[in-house]
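Q: I should like a close look at one part of this model, set in the context of the fold around it. Please begin with the local backbone and work outwards from there.

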Amino acid sequence: MKESRHYNGCHTTTNHRGIIFKSLSKASRDFVTFTSHIDKPALDMGCAFGVATLPVLQKHKHIVACDLSKEHLRVLRENTPENLLCYLQTQVGCFPQDFQFKENSIGAIHCSHLLHFLTGDELMAGLEKFKVWLCETGKLFINVGTPSLPFLGHFQEEYLKRKHWVKWPGEMDEKDIKQYVTPEYIEWIGAEAMYSFCHPLDKETLSRALTESGFQIDEIYRYTLEDNGDLRKFKGENAHLSAVAH
């Protein structure tokens, strides 16, 4: 079993999915607040160690926490106070193919730093599932990385070129990652957390995907991670994207 390495403001995943942030973005905080007013379970897809799940449990709200890693979910359950375990359901699997919920059964969905590990086809399949699962008054809260992340090196220039002729210009295979991701970042994050595919998204591409999946966008905006130190150096300013949709 791989162990998570801790840094200032984050720690690594145990399943080659980069790093987990210890602080919540505005969209994630808005998700937690929104769950106060729902009467159906919330869903945290790609929950990792549960940084957004635990505050929902503190509100005595039911939430389904899903992740690719059994280890992440084990830690989440261990960190959940015993009196709140009755509100927590966990499911392990690979999104979108391994998950299915009833139509209109979910009151709010949190999907943070997951979509940029999906291909374009997987992204659309996942968003379409989200739309079916959400109840009429439910909302989707998203955080993703963009092509302007400093550790992606000169990929943003390549991204802009691809936009003229590729539907999903941000798809980066293993060859792209070796070409564009800075060696300093790979050394810093470590081999156990580094991935072989990623798919950064800009506003236009994410907006199109949401709209084509049947969502109406409430807001979409770039933001800066609230953590400092080396993380800020690699993650940059306004290099992440949040969206809220219904």
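What relative accessibility does Asn104 have, and does it count as buried, partly exposed or exposed?

A: Asn104 counts as partly exposed because its relative accessibility is 36%; buried means under 20% relative accessible area, exposed over 50%, and partly exposed in between, with a 1.4 Å probe and protein chains only as cover. The model is predicted: local features need pLDDT of at least 70 and side-chain atom pairs count only at pLDDT 80 or more, while totals for chains, interfaces and linings use all residues. Residues are numbered from 1 along each chain as its sequence is written, and side-chain values use heavy atoms, with hydrogens and water left out.

Asn104 belongs to the loop between strand 6 and strand 7; helices (H or I, at least four residues) and strands (E, at least two) are DSSP runs numbered from the N terminus. Its phi is near 60°, a positive value in a residue other than glycine. The loop between strand 6 and strand 7 also holds Pro96, and the peptide bond leading from Phe95 to Pro96 is cis, with omega near 5°. Another positive phi, of about 55°, occurs at His113, which is not a glycine either. His113 lies in the loop between strand 7 and helix 4 and is buried, with a relative accessible area of 17%.

Strand 7 itself contains Gly107, which counts as buried at 1% relative accessibility. Beyond four places in sequence, Gly107 touches Phe34, Ile38, Lys40, Pro41, Leu134, Cys135, Gly138 and Lys139, a contact being heavy atoms within 4.5 Å. The C-alpha atoms of Gly107 and Thr137 are separated by 7.2 Å, although these positions lie 30 residues apart in the count along the chain. Thr35, in the loop between helix 1 (26-34) and strand 4, is buried at 0% relative accessibility. Neighbours within four places aside, the contacts of Thr35 are Ala42, Val56, Lys59, Lys61 and Ala108.

Strand 7 is part of an open sheet of seven strands in the order 6-5-4-7-8-10-9, with mixed pairing; two strands pair if DSSP finds at least two bridges between them. Strand 6 (88-92) and strand 9 (217-223) are at the edges with a single partner strand each, so one side of each has no neighbour in the sheet. From one strand to the next the twist averages 15°. Strand 7 and strand 8 are joined by six bridges in the parallel sense, and Ala108 stands opposite Lys139 in strand 8. Helix 3 (residues 70-79) packs on the sheet against strand 5 and strand 6, its direction making about 170° with that of strand 6. Helix 4 packs on the sheet as well, touching strand 4, strand 7 and strand 8, at about 150° to the direction of strand 8. For these angles, axes are lines fitted to C-alpha atoms, for helices over the stretch in contact, and angles run from 0 to 180 degrees between N-to-C directions.

The interior can now be described. The largest nonpolar core has 31 residues, and Leu43, Met45, Leu127, Phe130 and Leu140 have the most contacts inside it; such a core is a set of buried Ala, Val, Leu, Ile, Met, Phe, Trp, Tyr and Cys residues joined through side-chain atoms within 4.5 Å. Among the elements that each supply at least two residues of this core are strand 7 (106-112), helix 4 (120-133), strand 8 (134-145) and helix 8 (203-212). Helix 4 gives the most, with five residues. Beyond four places in sequence, Leu43 touches residues including Ile106, Ala108, Ile109 and His110, together with Phe130 and Trp133. Apart from this core lies another, of 20 residues, with Phe31, Leu84, Tyr87 and Leu88 among them.

Helix 8 has as its buried residues Thr205, Leu206, Ser207, Ala209 and Leu210. Their cover includes helix 4, strand 8, helix 5 (155-162), strand 9 and strand 10. Gly214, with a positive phi near 95°, follows helix 8.

For the chain as a whole, the secondary structure comes to nine helices and ten strands. Buried residues make up 56% of the 246 residues. Of the contacts with a separation of 6 or more, 70% join residues 24 or more positions apart.
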